[in-house]
Amino acid sequence: GIGGYEFIQALRQQQLRHIYIIVVTFLADKESIVKAFSCGADDFLTKLDLESGYFKRLLELFFQLFHD
């Protein structure tokens with residue numbers, strides 16, 4: 001299989017450039033963030049971001065939207 005960074009690059013090389021890519025990871029080091037954006041990611045969320053109430057609620061709303 002391919003890793004996440006390679007997957008992002010593959011999407012960007014295809015006709016799928018319009019897809020907004022959000023990297024969600026436990027990694028929070030500068031190198032990982034820079035690599036994600038350099039591969040074509042549009043946004044980057046870490047575990048700390050996800051633990052905040054705002055992002056938790058946003059994810060709940062997102063999943064409700066696609067499960068209803």
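**Entry 1: the end of α2**

I began at the residue after helix α2, which is G40. In this predicted model, I read a positive phi for G40, near 120°.

**Entry 2: the faces of α2**

Next I asked which residues of α2 are buried. I noted S32, A36 and C39. Looking down the axis of α2, I found these buried residues within an arc of 70°, so they line one face of the helix. I then looked up what the buried residues of α2 pack against, and I listed α1, β1 and β2. On the face turned away from the buried side of α2, I noted the exposed residues K30, E31 and S38.

**Entry 3: the strands**

I checked how β1 and β2 pair. Strand β1 spans residues 22–25, and its pairing with β2 is parallel, over four bridges. For I22, I looked up the bridge partner in β2 and found D43. I followed the chain from β1 through α2 to β2, and I recorded this β-α-β crossover as right-handed.

**Entry 4: the core**

Which residues make up the largest nonpolar core? I wrote down eight: I8, L11, I21, V23, A36, C39, A41 and F44. I also looked up which elements give two or more residues to this core, and they are α1 and α2. A36 and C39 are already in my list of buried α2 residues, and I find both in the core too.

**Entry 5: around I21**

I took I21 from the core list and looked up what it touches. Leaving out residues up to four places away in sequence, I found that I21 touches I8, L11, R12, G40, A41, D42 and D43. Among these contacts is G40, the residue with the positive phi after α2. D43, another contact of I21, is the bridge partner of I22.

**Entry 6: the salt bridge**

How many salt bridges does the structure hold? I counted one. In this salt bridge the side chains of R12 and D42 meet at 2.6 Å, N to O. I placed R12 in helix α1 (residues 4–13) and D42 in the loop between α2 (30–39) and β2 (43–46). The two residues are 30 apart, and the pair links distant parts of the chain.

I then asked whether R12 is buried or exposed. R12 has 14% relative accessibility, and therefore I entered it as buried, the cut-off being under 20%. D42 has 32% relative accessibility, so I entered it as partly exposed. I also noted that R12 and D42 are both among the contacts of I21.

Conventions. Residues are numbered from 1 along each chain as its sequence is written. This is a predicted model: local features need pLDDT of at least 70, side-chain atom pairs count only at pLDDT 80 or more; totals for chains, interfaces and linings use all residues. Side-chain values use heavy atoms; hydrogens and water are left out. A salt bridge is a side-chain nitrogen of Lys or Arg within 4 Å of a carboxyl oxygen of Asp or Glu. Buried means under 20% relative accessible area, exposed over 50%, partly exposed in between (1.4 Å probe, protein chains only). Two strands pair if DSSP finds at least two bridges between them. A crossover is right-handed if, with the strands pointing away from the viewer, the path from the first strand over the helix to the second runs clockwise. The arc is that of the directions from the helix axis to the C-beta atoms. Contact means heavy atoms within 4.5 Å. A nonpolar core is a set of buried Ala, Val, Leu, Ile, Met, Phe, Trp, Tyr and Cys residues joined through side-chain atoms within 4.5 Å.
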